[in-house]
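Me: I'd like to learn how to read salt bridges in a model. Can you walk me through it?

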Amino acid sequence: MFIFHAARGNILFMKNHEYYMKEALKEAVEAFENDEVPVGAIIVHKGEIIGRAHNQIKTLKDPTAHAEIIAITQAANFLQSERLINCAMYSTLEPCAMCAGAMVLSRIKNLIYAAKDPKTGAHDSVFKILNNKKLNYRIKVKKGILENEASYLMKKFFYGKRKSKA
């Protein structure tokens, strides 16, 4: 997508949701290759990726080492703030309750995710944290960007796990 900036007389390249989700998918592939559940997340501020991560629960022996949590920490360090105002997170999977809670607390403005998580999803599937009217902050959510690619990676991972147990 190109936008002509009349005041400056130049063309600016604006990256779209698919571009950023492909970056998150690269992280998910890295998780897959490290035998982690293949979830990837990136955080974007003013068009720049300021946090990127993949699940590292087994690697770090840490149940909180979800892609979203690690990316939030990186972005907060980059901005030198606990508030990620005007940031967007791209995640390959609907966030769990822990990650959704962290997004609310960090004040991420937008979440764009690829695939639903019917077992632990905290936006649509199981819980409704990100837009809960009882909370003092709500996040704008867009879902389904590159859903087929993210779903395929998850299915391939868990198929391999089931096959190896048989």
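Reply: Sure, exposure first: buried means under 20% relative accessible area, exposed means over 50%, and partly exposed is in between (1.4 Å probe, protein chains only). This is a predicted model, where local features need pLDDT of at least 70, side-chain atom pairs count only at pLDDT 80 or more, and totals for chains, interfaces and linings use all residues. Residues are numbered from 1 along each chain as its sequence is written, and side-chain values use heavy atoms, with hydrogens and water left out.

Me: How many salt bridges does the structure hold?

Reply: Side chains of opposite charge can pair when their charged atoms come close. The cut-off is a side-chain nitrogen of Lys or Arg within 4 Å of a carboxyl oxygen of Asp or Glu. Here there are six salt bridges.

Me: Which parts of the chain does the pair D35 and K58 link?

Reply: Those two side chains meet at 3.1 Å, N to O. D35 sits in the loop between α1 and β3 (40–45) and K58 in helix α2 (residues 57–60), 23 residues apart. Helices (H or I, at least four residues) and strands (E, at least two) are DSSP runs, numbered from the N terminus. K58 is partly exposed at 45%, and D35 is partly exposed at 33%.

Me: And is E23 buried or exposed?

Reply: E23 is buried, at 10% relative accessible area. Its salt-bridge partner R52 lies 2.8 Å away, N to O. R52 is in strand β4 (residues 48–54), E23 in helix α1 (residues 17–33). R52 is partly exposed at 29%.
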